[in-house]
Amino acid sequence: MPSNPDFSWLNGQIVPWDNCVLHARSQAAFWGANVFEGVRAYWSEETGQLSLFRLQEHLTRLRASMKCVGMRIAYSDAELIEATLELLRANQVREDTHIVIAAYFGTGPNFDPMQHIEETGVHITALPLGRSPRFETGASACISSWRRISDDAMPPRIKTGANYHNSRLAQHEATRNGYDTAFFLNHRGTLAEAPGSCVMMVRDGELCTPPGTSGVLEGITVQSISQLAQEVLGIGTHKREIDRTELYLADEVFIAGTLSEIQPITTVDRQAVGTGAPGPLTRQLQDLYEVAVRGTADAYGWNLPVYVPSQGRGVISKGEAIDAAVV
Ligand SMILES: Cc1ncc(COP(=O)(O)O)c(C=O)c1O
């Protein structure tokens, strides 16, 4: 068992990690009836600061997911931001970390799992998570035999735990067959996304990605990359449907997401993408992304510092953290 952080945040309180639990018969645990966001915080040795990357944009998407599933929660964005900061400080995080903010449906009257209920809650957990080695080496992808869920049945635009059943089927199949990841096609047969990331392609000097209407979670990483590509390199991003064979013919392909960051895809269905090595534009975008997420310049207002500089590089004592916790 990997060791866990000391604390989580549950419904307004810092709690010991093991106390961050929902009942097995809650709608969240039983149906995956939740909406959530995965957010990264990046540590900079240079500044001795931990910065949350685009937290507000993640909360805006969380609200969009909540609207689609008819969920209300007791916390404002400002309170969720404060809670996230409080948790990271309590755990004294000083390394790259992945945070999950999840709003969930609780237990219905008579434990009815289907009925709409107003009983909701929020949990926030943060685990250390460094960069994948595939950021450097790249990854292999197959076209999944599973189709992406679609807006007329299970909208991928809603970031709910239940949707990840579809992602798991594709990821497990890919791994069983010796690939690192998978690409879903949608019901029209055009590219949707990877199990937990969006997909971008470079073809004839153009940067392309499928639109939200292709069965895709509307990605914050894609938006960040597109803005960097436009503003720094003068390269626009075309949101358009992408055919399967375009992936074979692309000069470069990469996946983009909070968790995966930017991972070059070097083969699709065992055919080399471009030269079979991570491409030059992918490498340029990785460099720009690294500067943007690390928060040293914060040229776009995307970084939220966790520690107040006057606190002396943000260090609080273990005692202070435990005092702050409701045990
Ligand atoms: C299914 C899916 N698609 C795309 C993404 C990429 O979204 P983002 O860049 O906002 O993290 C994610 C990651 O959250 C995801 O789970």
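Which residues are buried in α8? In this predicted model, the buried residues of α8 are T282, L285, A292, V293 and R294. The legends below start with this helix and then move to other parts of the chain.

**View 1. Helix α8 and what its buried residues pack against.** Helix α8 covers residues 280-294. Its 15 residues, at 1.5 Å a residue, should span 21 Å, and the end C-alpha atoms are 21 Å apart, so the expected and modelled values agree. The buried residues of α8, among them L285 and V293, pack against β3 (34-44), β4 (49-53), α6 (220-233), β12 and β13 (261-268). Just after the helix comes G295, whose phi is positive, at about 80°.

**View 2. The two domains and their contact.** The chain is divided into domain 1, made of residues 7-130 + 297-324, and domain 2, residues 134-294. Their C-alpha centres lie 26 Å apart. To the contact between them, domain 1 contributes 24 residues and domain 2 contributes 14 residues. On the side of domain 1 that touches domain 2, β3 and α2 (55-69) each supply at least two residues. The most comes from β3, with nine residues. Sorted by class, this side of domain 1 has 12 nonpolar, seven polar and five charged residues.

**View 3. Surroundings of the ligand.** Which residues are around the ligand? They are G38, S167, E193, G196, S197, C198, L217, G219, I220, T221, G257 and T258. By class, this shell has eight polar residues, three nonpolar residues and one charged residue. Two of the strands in the next view also appear here: C198 is in the shell and belongs to β9 (residues 198-203), while G257 is in the shell and belongs to β12 (residues 252-257).

**View 4. Strand β9 with its partners β12 and β10.** Why is β9 described as largely enclosed by the rest of the structure? Five of its six residues, which run from 198 to 203, are buried, and the strand is therefore largely enclosed. β9 runs antiparallel to β12 (residues 252-257), and five bridges join the two. In this pairing M200 stands opposite F254 of β12. β9 is also joined to β10 (residues 206-209), again antiparallel, by three bridges. Here M201 stands opposite C208 of β10. The hairpin of β9 and β10 has two residues between the strands, and D204 takes a positive phi near 55° in it.

**View 5. A250, in the loop before β12.** A250 lies in the loop between α7 (244-249) and β12. Is A250 buried or exposed? A250 has 21 C-beta neighbours inside 10 Å; a residue is buried at 20 or more, so A250 counts as buried. Leaving out residues up to four places away in sequence, A250 touches M201, V202, R203, V273 and G274. M201, one of these contacts, is also the residue opposite C208 in β10. By contrast with these contacts, S26 is 224 residues from A250 in sequence and 45 Å away in space, C-alpha to C-alpha.

**View 6. Strand β5 between β3 and β6.** Seven of the nine residues of β5 (residues 97-105) are buried, and the strand is mostly covered. Eight bridges join β5 to β3, and these two strands run antiparallel. F36 stands opposite A102 of β5. β5 also pairs with β6 (residues 120-128), in the antiparallel sense, over nine bridges. In that pairing H98 stands opposite L127 of β6. In a regular strand, side chains alternate between the two faces of the sheet.

**View 7. Helix α3.** Helix α3 covers residues 77-90. Its 14 residues should span 20 Å at 1.5 Å a residue, and the end C-alpha atoms are 20 Å apart, so the two values agree. The buried residues of α3 are L80, A83, T84, L87, L88, R89 and A90. Just after the helix, Q92 takes a positive phi of about 50°.

**View 8. G12, in the loop between β1 and β2.** G12 is found in the loop between β1 (7-10) and β2 (13-16). G12 counts as partly exposed because it has 13 C-beta neighbours inside 10 Å. I124 is 112 residues from G12 in sequence, while the C-alpha atoms of the two are 9.9 Å apart in space.

Notes
Residues numbered from 1 in each chain as written. Predicted model: local features only at pLDDT ≥ 70, side-chain atom pairs only at ≥ 80, totals over all residues. Near = placed C-beta within 6 Å. Nonpolar A, V, L, I, M, F, W, Y, C, P; charged D, E, K, R; others polar. Buried ≥ 20, exposed ≤ 12 C-beta atoms within 10 Å, placed from the backbone. Helix = DSSP H or I, 4+ residues; strand = E, 2+ residues; numbered from the N terminus. Pairing = 2+ DSSP bridges. Expected span 1.5 Å × (residues − 1). Contact = placed C-beta atoms within 7 Å. Domains from an automatic or database assignment.
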